[in-house]
Amino acid sequence: MGKIAIISDSNSGISQEEAKELGISIVPMPFFINGETYYEGENLTQEQFYERLKDGSEISTSMPSVGSLTDLWDELLSKYDEIVHIPMSSGLSSSCETAFMLAGDYDGKVQVVDNQRISVTQRQSVLDAKALAQKGKSASEIKEILEREKLESSIYIMVDTLSYLKKGGRITPAAAALGTLLRLKPVLQIQGEKLDAFAKARTVKQAKSIMIEAMKSDFANRFSDAEGTHMYLEMAYTYDLKAAETFRSEVQEAFPNCEIVLQPLSLSVSCHIGPGALAVACSKKIPELS
């Protein structure tokens, strides 16, 4: 069996420290803050990011340079036989498409996976890829399995403020103004490649209830697994860990048989939705690993 390197990006929420523990590589996503370049997890921490976000700094996201990607691939291929590269969903960034294009020059040794995931569900794909490699699967087999399972996940996100969605052009200024006036807490949904509106709540309490009920429905109806026997249950948040831990207790009560993984949302996502967001997500266990 060949040695396989697993790569993802910091949109997965996997830190550089955790990546070392897992024996994988994480490409840091670049940011421009007031014209200067920063890299998530290298010279930009979560705390520093939110300080800059709250003080009104101009923040925009970018994607890794071509050179940084190919240099990493070349370095790893001097030690490994193949690479499985898992970027964030192609529906949310062009970094996946760029990686596909670059991989064409590597004679099949680099397999780029587009399984249309981000944050904690992308993180689970990375863990699945590592487990599949340990079971002797080739890079192309891992890609095929992960892409086959790409729609077997779900994310619901409550946004605390609409101002960052407005700033990023995701909603119109008029819609943002109306939502702010009505103090709405929108719940967004990611299933597959799209970020869509799911529901509108008047309070945080109502938004959390909507997300829990939506996840219960997904478990029972979409995944035919009401007890969550073959599901991973995941949560994410921006900035406010205390609020996230409170929500985790509420989610745990609704899903007593599931172990919950709680991670901060990647800064690329946080940039567009702002602090105070809460998310609940799930991924179906891959049959080959069950």
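1. Helices α9 and α10. In this predicted model, helix α9, spanning residues 204-222, packs against helix α10, spanning residues 241-254, at an angle of about 35°. The axes of α9 and α10 are 11 Å apart, and the crossing of the two helices is right-handed. On the α9 side the contact is made by Lys-208, Met-211, Ile-212 and Lys-216. On the α10 side Thr-246, Phe-247, Glu-250, Val-251 and Ala-254 take part. Sorted by class, the contact of α9 with α10 has five nonpolar residues, three charged residues and one polar residue.

2. The largest nonpolar core. This core has 25 residues, and Leu-233, Val-251 and Val-280 touch the most other members. Two or more residues come from each of the helices α9 and α10 and from each of the strands β8 (153-158), β11 (231-237), β12 (260-264) and β13 (278-284). The greatest contribution to this core is that of α9, with six residues. As a general background, nonpolar side chains in soluble globular proteins tend to be buried together.

3. Val-251. This residue belongs to the contact of α10 with α9 and is also one of the core members that touch the most others. When neighbours within four places in sequence are left aside, Val-251 is in contact with Ile-212, Leu-233, Met-235, Ile-260 and Val-280. Ile-212 is itself among the α9 residues of the helix contact, while Leu-233 and Val-280 share with Val-251 the distinction of touching the most other core members.

4. A separate core. Apart from the core of 25 residues lies another, of 19 residues. Its members include Leu-22, Ile-86, Val-113 and Ile-142.

5. Ala-207. This alanine is found in helix α9. Ala-207 is buried because its relative accessibility is 0%, below the 20% cut-off. Its contacts, with neighbours within four places in sequence left aside, are Met-158, Lys-185, Val-187 and Ala-201. A further spatial relation concerns Tyr-156, which is 51 residues away along the chain: the C-alpha atoms of Ala-207 and Tyr-156 are separated by 9.9 Å.

6. Cysteines. Why is Cys-258 not bonded to the closest cysteine sulfur, in Cys-282? The two sulfurs are 9.2 Å apart, which is too far for a bond, since a disulfide requires cysteine sulfur atoms within 2.5 Å. Cys-282 is likewise in no disulfide, its nearest cysteine sulfur being that of Cys-258. The count for the model comes to zero disulfides. Both residues are nevertheless buried: Cys-258 has a relative accessible area of 5%, and Cys-282 has a relative accessibility of 0%.

7. Positive phi at Asp-107. Most residues other than glycine have a negative phi. In Asp-107, phi is near 50°, a positive value in a residue other than glycine. Asp-107 lies in the loop between helix α4 (95-103) and strand β7 (110-112). With 72% relative accessibility, Asp-107 counts as exposed, because the cut-off for exposed residues is over 50%.

8. Positive phi at Ser-224. Where does Ser-224 lie? Its place is in the loop between α9 and β11. Phi of Ser-224 is near 50°, again a positive value in a residue other than glycine. Ser-224 is exposed, with a relative accessible area of 66%.

Methods
Residues numbered from 1 in each chain as written. Predicted model: local features only at pLDDT ≥ 70, side-chain atom pairs only at ≥ 80, totals over all residues. Heavy atoms only, no water. Axes fitted to C-alpha atoms, helices over the stretch in contact; angles between N-to-C directions. Helix = DSSP H or I, 4+ residues; strand = E, 2+ residues; numbered from the N terminus. Left-handed = near helix turned anticlockwise from the far one by under 90°. Contact = heavy atoms within 4.5 Å. Nonpolar A, V, L, I, M, F, W, Y, C, P; charged D, E, K, R; others polar. Core = buried A, V, L, I, M, F, W, Y, C linked by side-chain atoms within 4.5 Å. Buried < 20%, exposed > 50% of the residue type's maximum accessible area, 1.4 Å probe, protein only.
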